[in-house]
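Please open the structure in your viewer and keep the selection tool at hand. The tour below proceeds from one selection to the next.

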Protein chains: 2
Amino acid sequence: MKIFYSDKHAAHDCAGEIKDGELKPCFENPSRADAIDQAFKQNGFDTLYTPSDFGLEPVLKVHDADYIEFLHTAWQEWQAIGRKGDIFPLVWPGAGMRREVQPENIDGKLGIYAFDSGTPICAGTWGVVYQGAQAAISTADAVMRKQTQHAFSFSRPPGHHAMPGQYGGYCFLNNAAIAAQYMRDNGAKKVAVLDVDYHHGNGTQAIFYNRADVLVVNVHSDPKHEYPYYLGHADEVGDGAGNGFNVNLPLPKGTGWDKYLPTLNKALHSLEQFAPDALVVSFGADTYKDDPLGFFKLDTNHFIEIGAAIAKLEIPTATILEGGYAIEALGDNVIAMINGLSAK
Amino acid sequence: MKIFYSDKHAAHDCAGEIKDGELKPCFENPSRADAIDQAFKQNGFDTLYTPSDFGLEPVLKVHDADYIEFLHTAWQEWQAIGRKGDIFPLVWPGAGMRREVQPENIDGKLGIYAFDSGTPICAGTWGVVYQGAQAAISTADAVMRKQTQHAFSFSRPPGHHAMPGQYGGYCFLNNAAIAAQYMRDNGAKKVAVLDVDYHHGNGTQAIFYNRADVLVVNVHSDPKHEYPYYLGHADEVGDGAGNGFNVNLPLPKGTGWDKYLPTLNKALHSLEQFAPDALVVSFGADTYKDDPLGFFKLDTNHFIEIGAAIAKLEIPTATILEGGYAIEALGDNVIAMINGLSAK
């Protein structure tokens with residue numbers, strides 16, 4: 001197990017997010033990665049690797065160039081017109097409005113590039129999400145170079161909600177999709193992504209929806225009643241060449257291990273049938289019973305079982321941290337997952 | 001001139017709106033209508049008519065039934081799950097996401113029915129917007145019954161941004177579109193809407209975009225750099241049967257009377273050529289030089305000229321208040337418009 005960590009994440013530290021109609025402190029904040037870092041140190045995981053810099057090229061393989069340009073310049077543009085707080089979108093092209101117009105103003109651009117009002121951008125955001133993507137690519141690279149069967153990246157913010165050209169759900173760059181594409185471009189003919197975050201990985205699904213070379217499998221909370229609502233339904237099976245290469249296994253709120261395990265086994269069965277050369281796991285610890293944003297009932301020990309079940313597939317695997325907001329248990333939950341993945 | 005006013009508007013009084021990334025006091029608040037009411041009293045406009053109740057039928061002629069049901073029940077649904085503040089949307093279906101799914105949860109529904117994060121819903125919103133629509137219908141009814149050549153409705157919040165099935169820009173029910181449709185259904189074969197608010201009336205345009213029986217003409221700030229960004233461009237000329245029956249005349253920020261007047265004259269020329277049986281004017285006083293949300297440079301006297309130019313068309317006209325946020329001048333500006341419209 002090779003673990004990558006960028007300690008530069010703390011610069012993405014926004015003042016608040018909009019949730020339940022109120023401006024609240026950000027659930028997705030630096031204490032998440034700090035808690036994991038501390039737990040690692042306390043548990044003898046003393047070798048953390050610093051990500052290499054692979055540049056923007058692998059990022060631009062899954063994200064639109066104009067979107068990346070926007071993320072890169074949004075904060076300067078916001079500040080240049082005297083805005084004081086974090087960036088939040090104001091208006092977006094709803095039904096019957098035009099997406100293809102190119103507004104010259106930052107508020108107009110925000111509606112094109114955001115799908116969510118609860119995801120602030122602040123001064124350090126771009127630098128941090130760039131590092132997070134590099135950490136994800138580093139795991140993919142370590143696995144593809146056969147340095148390790150398993151690599152793990154813990155960065156923040158998460159990535160799996162990020163669409164080809166839109167941010168939301170705390171996510172800006174889709175680290176898992178970038179890692180999967182990097183694997184495709186570096187020797188793997190078939191790659192699978194298994195997303196076991198509490199929330200559906202709508203961005204990862206969207207990025208690979210028309211492709212047969214990347215299977216995307218999600219086990220998640222039913223979007224009928226949970227974020228991100230507008231993707232993640234069971235009838236989304238892929239399109240065109242990708243038909244049959246997208247699997248959604250939504251579960252109701254309140255799901256415990258008894259119902260989670262058989263669904264996870266279904267997901268693993270899909271992976272086995274696909275027989276990928278490499279695997280990316282989008283790991284969210286927000287399936288944990290006390291997570292403030294998740295409503296499944298898994299316990300810390302269950303993450304060992306999830307990790308071990310994935311390890312049994314014997315596929316070279318890059319695991320990437322997505323959500324997980326129960327800070328007090330986050331370190332233990334991540335270590336449980338890593339211990340499971342490392343099981344023989 | 002017959003003036004309709006519902007003094008029940010004060011119940012739509014939300015705690016704040018999201019603007020420039022910050023939660024700020026609402027620009028669109030009860031003091032707007034109170035200021036106009038007071039100016040009317042001080043200037044001898046002592047007969048204000050209470051709107052009649054025409055029910056929901058004329059509203060449902062331009063708005064989707066599921067949207068109206070949502071507006072009607074949103075606050076109860078929000079409160080039922082323990083939410084404390086005003087309603088704001090969290091996430092919406094961006095590019096590549098599905099609009100047709102029917103989320104069961106209020107946050108999921110909000111993304112379907114809102115196109116804007118700066119338009120709060122609070123306890124009194126539905127009752128007030130219902131009254132506003134009734135005031136608009138009352139003006140249309142008074143004109144169609146030939147009780148008066150000119151009727152004026154001042155209600156709040158405004159309406160012209162409201163789409164067939166989405167709210168935004170402080171607007172929930174499209175009062176102008178409802179009035180225009182009411183005119184069509186009560187004797188007018190051809191109806192025109194002239195929108196002279198600072199912002200483009202995207203909702204009114206969208207509602208009549210495929211129709212040849214309602215001409216929609218907008219004089220407004222160029223959406224390349226101004227709200228609502230995604231509609232209001234000069235190349236939007238109507239579609240299908242409506243091709244040629246939508247006219248957008250965008251003007252740059254900073255426009256003063258010298259440039260406004262020739263554009264207004266173009267708009268009036270379009271109206272003359274169409275020769276409607278009845279006219280709805282969406283009047284925004286946010287073209288005023290000191291408006292905090294508008295960046296044109298009209299003075300109070302210019303509203304007299306706008307009103308008089310419209311009156312010269314000699315078309316039965318229902319004028320409906322849209323925006324205008326310079327509270328200290330709002331009463332004078334509305335009276336100037338009414339004096340212009342009343343000119344012989």
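By what turn and what shift along the axis can chain A be laid on chain B? A turn of 180° and a shift of 0.0 Å along the axis suffice, with an RMSD of 0.0 Å (least squares on the C-alpha atoms of residues with pLDDT of at least 70 in both copies). That is the relation of a two-fold axis.

This is a predicted model, in which local features need pLDDT of at least 70, side-chain atom pairs count only at pLDDT 80 or more, and totals for chains, interfaces and linings use all residues. Residues are numbered from 1 along each chain as its sequence is written, chains are lettered from A and ligands numbered from 1 in the order in which they are written, and side-chain values use heavy atoms, with hydrogens and water left out.

Next, select Ser117(A): of the residues of chain A, its C-alpha comes closest to the rotation axis, at 3.5 Å.

Now display the strands of chain A (DSSP runs of E, at least two residues, numbered from the N terminus). An open sheet of 8 strands appears in the order β4-β1-β5-β10-β9-β6-β7-β8, with parallel pairing (a pair requires at least two DSSP bridges). At the edges stand β4 (48-49) and β8 (246-251) of chain A, each with a single partner strand, so one side of each lacks a neighbour in the sheet.

Select β1 (residues 2-5) of chain A, which pairs with β4(A) over 2 bridges. Phe4(A) has Tyr49(A) as its bridge partner there.

Finally, move to chain B and select β7 (residues 214-221), which pairs with β8(B) in the parallel sense over 6 bridges. Val217(B) has the bridge partner Val247(B) in β8(B).

Terms used. Helix = DSSP H or I, 4+ residues; strand = E, 2+ residues; numbered from the N terminus.
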